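Visitor: Please show me the model, and then let us go through its charged pairs and its overall build.

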Amino acid sequence: MKAIILAGGRATRLPTSAENRPKALVEIWGKPVLEHQIELLHSHGISDIRLSLGHKAEQIIQFIRQKFPDVEYVVEEKPLGTGGALKFALGDHTEPFLVLSGDILTDCSLTNFLQKAQVHTMVLVEVTNARDFGLASVDDDGTILEFKEKPEIATPGLINTTIYYLDPAPIKNFPGNTFSLELDIFPKLAKEKMLKAYIHRGFWTDMGTEERLKTLQSNPPQFFQQHPK
């Protein structure tokens with residue numbers, strides 16, 4: 001199983017913690033968030049990992065060469081959006097693959113997810129306020145009927161965790177090289193009833209803001225010490 005971690009973001013909402021380093025190397029609970037993610041993948045038997053890098057890529061490259069020399073990487077010369085970054089990172093890969101965003105922390109069982117997932121499947125979690133996230137509408141059969149990126153008002157519901165099991169075809173066949181998964185790919189898949197949901201009931205968060213990061217630092221969940229299989 002190929003896993004691609006999208007780790008090219010600029011961390012505009014972490015102006016202090018990521019002032020001199022990329023978001024993926026911001027430390028939490030004694031380790032860079034990227035290290036937590038790679039360890040999570042390894043704990044579920046996933047070792048074929050490729051990083052999609054951009055902003056301050058040289059720091060991440062130096063880190064993985066020392067810590068995880070078997071991890072592959074590509075570096076985009078300019079921002080391509082989440083869809084374009086994946087298209088570039090896929091290269092000649094043609095099989096279904098796993099995607100993680102480079103700024104999330106979770107105890108999601110990737111083993112269980114991949115056993116149950118169809119292409120294309122998105123991991124969702126339920127929140128009381130989805131304003132900062134992609135909001136999904138799901139039917140009783142687990143099909144995502146609508147995908148709305150960052151609703152304008154506070155809305156409870158199931159949100160996109162940025163963990164996906166995808167087939168490369170819609171991404172590779174998308175015209176152009178700069179585009180968004182959330183705005184260009186997922187709404188189309190949902191309209192065609194080709195996007196499935198996997199609902200995670202455990203821990204999930206992103207590293208989105210300084211306030212959120214501070215709260216996480218002071219209240220670490222039990223899972224980070226040993227990722228469940």
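Visitor: Which side chain meets Glu35 in a salt bridge?

Guide: This is a predicted model, in which local features need pLDDT of at least 70 and side-chain atom pairs count only at pLDDT 80 or more, while totals for chains, interfaces and linings use all residues. Residues are numbered from 1 along each chain as its sequence is written, and side-chain values use heavy atoms, with hydrogens and water left out. A salt bridge is a side-chain nitrogen of Lys or Arg within 4 Å of a carboxyl oxygen of Asp or Glu. At 3.4 Å, N to O, the partner of Glu35 is Lys67.

Visitor: How many residues apart are Glu35 and Lys67?

Guide: Helices (H or I, at least four residues) and strands (E, at least two) are DSSP runs, numbered from the N terminus. Glu35 sits in helix H1 (residues 33-43) and Lys67 in helix H2 (residues 57-67), so the pair links distant parts of the chain. The separation is 32 residues.

Visitor: Is Glu35 buried or exposed?

Guide: Buried means under 20% relative accessible area, exposed over 50%, and partly exposed in between (1.4 Å probe, protein chains only). Lys67, at 45%, counts as partly exposed. Glu35 has 7% relative accessibility, so this residue is buried.

Visitor: Which residue forms a salt bridge with Lys2 at 2.9 Å?

Guide: Lys2 lies in strand S1 (residues 2-7), and the partner lies in strand S4 (residues 48-53), 46 residues apart. Lys2 is buried at 6% relative accessibility, whereas the partner is partly exposed at 32%. That partner is Asp48.

Visitor: Which residue in strand S5 pairs with Lys2?

Guide: Strand S5 spans residues 72-75, and the pair is 70 residues apart. The closest N and O atoms of this salt bridge are 3.2 Å apart. The partner counts as partly exposed at 33% relative accessibility. It is Glu72.

Visitor: Which residues do shared salt-bridge partners join into one network?

Guide: Lys2 forms salt bridges with Asp48 and with Glu72. The whole structure holds 8 salt bridges. The network consists of Lys2, Asp48, Arg50 and Glu72.

Visitor: What is the radius of gyration of the protein chain?

Guide: The radius is taken over C-alpha atoms, and the globule rule is 2.2 Å times the number of residues to the power 0.38. For 229 residues, a compact globule would come near 17 Å. The chain agrees with that, at 17 Å.

Visitor: How many helices and strands does the protein chain have?

Guide: Buried residues make up 53% of its 229 residues. The secondary structure comes to 7 helices and 13 strands.
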